[in-house]
Amino acid sequence: MADSKSGLRKPVFTKVDQLRPGTSGHTLTVKVVSTKMVLQKGRPDAPQPRQMRIAECLVGDETGMIIFTARNDQVDLMKEGSTVILRNAKIDMFKGSMRLAVDKWGRVEVTEPANFTVKEDNNLSLIEYELVNVVEE
């Protein structure tokens, strides 16, 4: 068993236009188009000032764009124009539209600038989805 491969498998990179509602485990390389802080609260008088920060970042690749919800330390990495790799990202639904998020099981890492231009006319977060229950007979 000494010559078997290690437990790490090579990541399969997904494109933005392949994202679907309710899916997870995505690894993407995206460019940050814009960042907007939506929530910043904390107690500076606490012994350890814990701050909750949430930013909505428009990210994309050559196939389309989607809104990425950055939380706390992820907010600092999401600078406009930078290229990031989102590992183990998942799709959250917010008011019927898709949002990309990375929780504690995933990772956001800044990488060298990518050589693609973001396709700005295909924003997947503008598509509204409706949950339909299918009754099997």
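**Exercise 1. A valine in strand β1**

Is Val-38 buried, partly exposed or exposed, and what is its relative accessible area?

*Solution.* This is a predicted model, so every value below is computed from predicted coordinates.
- Step 1. Locate the residue. Val-38 belongs to strand β1, which covers residues 24–42.
- Step 2. Read the accessibility. The relative accessible area of Val-38 is 43%.
- Step 3. Apply the cut-offs. Buried means under 20% and exposed means over 50%. Val-38 is therefore partly exposed.
- Step 4. Look at its partners. Val-38, Leu-39 and Met-52 make a nonpolar surface patch of about 220 Å².

**Exercise 2. The overall layout**

State the secondary structure of the chain, the order of its elements and the share of buried residues.

*Solution.*
- Step 1. Count the elements. The protein chain has one helix and six strands.
- Step 2. Put them in order. Starting at the N terminus, they run β-β-β-α-β-β-β.
- Step 3. Take the burial. The chain has 137 residues, and 36% of them count as buried.

**Exercise 3. The nonpolar core**

Find the best-connected residues of the largest nonpolar core, then the elements behind it.

*Solution.*
- Step 1. Recall the trend. In soluble globular proteins, nonpolar side chains tend to be buried together.
- Step 2. Name the hubs. The largest nonpolar core has 22 residues, and Ile-66, Phe-68, Met-78, Leu-86 and Leu-100 touch the most other members.
- Step 3. Assign the elements. Two or more core residues come from each of β1, β2 (51–61), β3 (64–71), β4 (83–94) and β5 (97–101).
- Step 4. Pick the top contributor. Strand β4 gives the most, with four residues.

**Exercise 4. A salt bridge between β5 and β2**

Which residue forms a salt bridge with Arg-99, and how far apart are the closest N and O atoms?

*Solution.*
- Step 1. Start from the total. The structure holds six salt bridges.
- Step 2. Identify the partner. Arg-99 pairs with Glu-56, and the closest N and O atoms are 3.6 Å apart.
- Step 3. Test the distance. The cut-off for a salt bridge is within 4 Å. The value of 3.6 Å for Arg-99 and Glu-56 meets it.
- Step 4. Place both ends. Arg-99 is in strand β5 and Glu-56 in strand β2, so the pair links distant parts of the chain, 43 residues apart.
- Step 5. Check the accessibility. Arg-99 counts as buried because its relative accessibility is 10%. Glu-56 is partly exposed, at 22%.

**Exercise 5. A charge network**

Which residues are linked with Glu-109 in a network of salt bridges?

*Solution.*
- Step 1. Take one pair. Glu-109 and Arg-87 meet through their side chains at 3.0 Å, N to O.
- Step 2. Place that pair. Glu-109 is in strand β6 (residues 107–111) and Arg-87 in strand β4, 22 residues apart.
- Step 3. Add the other pair. Glu-109 also forms a salt bridge with Arg-107, at 2.6 Å, N to O.
- Step 4. Join them. Arg-87, Arg-107 and Glu-109 form a network of salt bridges.
- Step 5. Check one arm. Arg-87 is partly exposed, with a relative accessible area of 23%.

**Exercise 6. Rings and charges**

How many aromatic pairs does the structure hold, and which ring lies under the charged end of Lys-31?

*Solution.*
- Step 1. Count the ring pairs. There are zero aromatic pairs.
- Step 2. Find the charge. The charged end of Lys-31 sits over the ring of Phe-116, 5.3 Å from the ring centre.

**Exercise 7. Positive phi**

Examine Asn-72 and Lys-95, and give the phi, location and exposure of each.

*Solution.*
- Step 1. Set the background. Most residues other than glycine have a negative phi.
- Step 2. Take Asn-72. Its phi is positive, about 50°, although Asn-72 is not a glycine. Asn-72 lies in the loop between β3 and α1 (73–77). Its relative accessible area is 31%, so Asn-72 is partly exposed.
- Step 3. Take Lys-95. Its phi is also positive, about 50°. Lys-95 sits in the loop between β4 and β5. Its relative accessible area is 72%, so Lys-95 is exposed.

**Exercise 8. Separation in sequence and space**

Give both separations for Val-33 with Val-59, and for Glu-128 with Met-93.

*Solution.*
- Step 1. Take the valines. Val-33 and Val-59 are 26 residues apart in sequence, and their C-alpha atoms are 5.4 Å apart. Val-33 lies in strand β1. Val-33 is partly exposed, at 23%.
- Step 2. Take Glu-128. Glu-128 and Met-93 are 35 residues apart in sequence and 9.6 Å apart, C-alpha to C-alpha. Glu-128 is in the segment after β6. Glu-128 counts as exposed because its relative accessibility is 67%.

Terms used: Residues are numbered from 1 along each chain as its sequence is written. This is a predicted model: local features need pLDDT of at least 70, side-chain atom pairs count only at pLDDT 80 or more; totals for chains, interfaces and linings use all residues. Side-chain values use heavy atoms; hydrogens and water are left out. Rings of Phe, Tyr and Trp (its six-membered ring) pair if their centres lie within 6.5 Å; planes under 30 degrees apart count as stacked, over 60 as edge-to-face and the rest as tilted. A charge sits over a ring if NZ of Lys or CZ of Arg is within 6 Å of the ring centre and within 35 degrees of the ring normal. Patches are made of residues with over 30% relative accessible area and no salt bridge: like charges are joined within 9 Å, nonpolar side chains (Val, Leu, Ile, Met, Phe, Trp, Tyr) within 5 Å. Accessible areas come from the Shrake-Rupley method with a 1.4 Å probe; for residues, only the protein chains shown count as cover. Buried means under 20% relative accessible area, exposed over 50%, partly exposed in between (1.4 Å probe, protein chains only). A nonpolar core is a set of buried Ala, Val, Leu, Ile, Met, Phe, Trp, Tyr and Cys residues joined through side-chain atoms within 4.5 Å.
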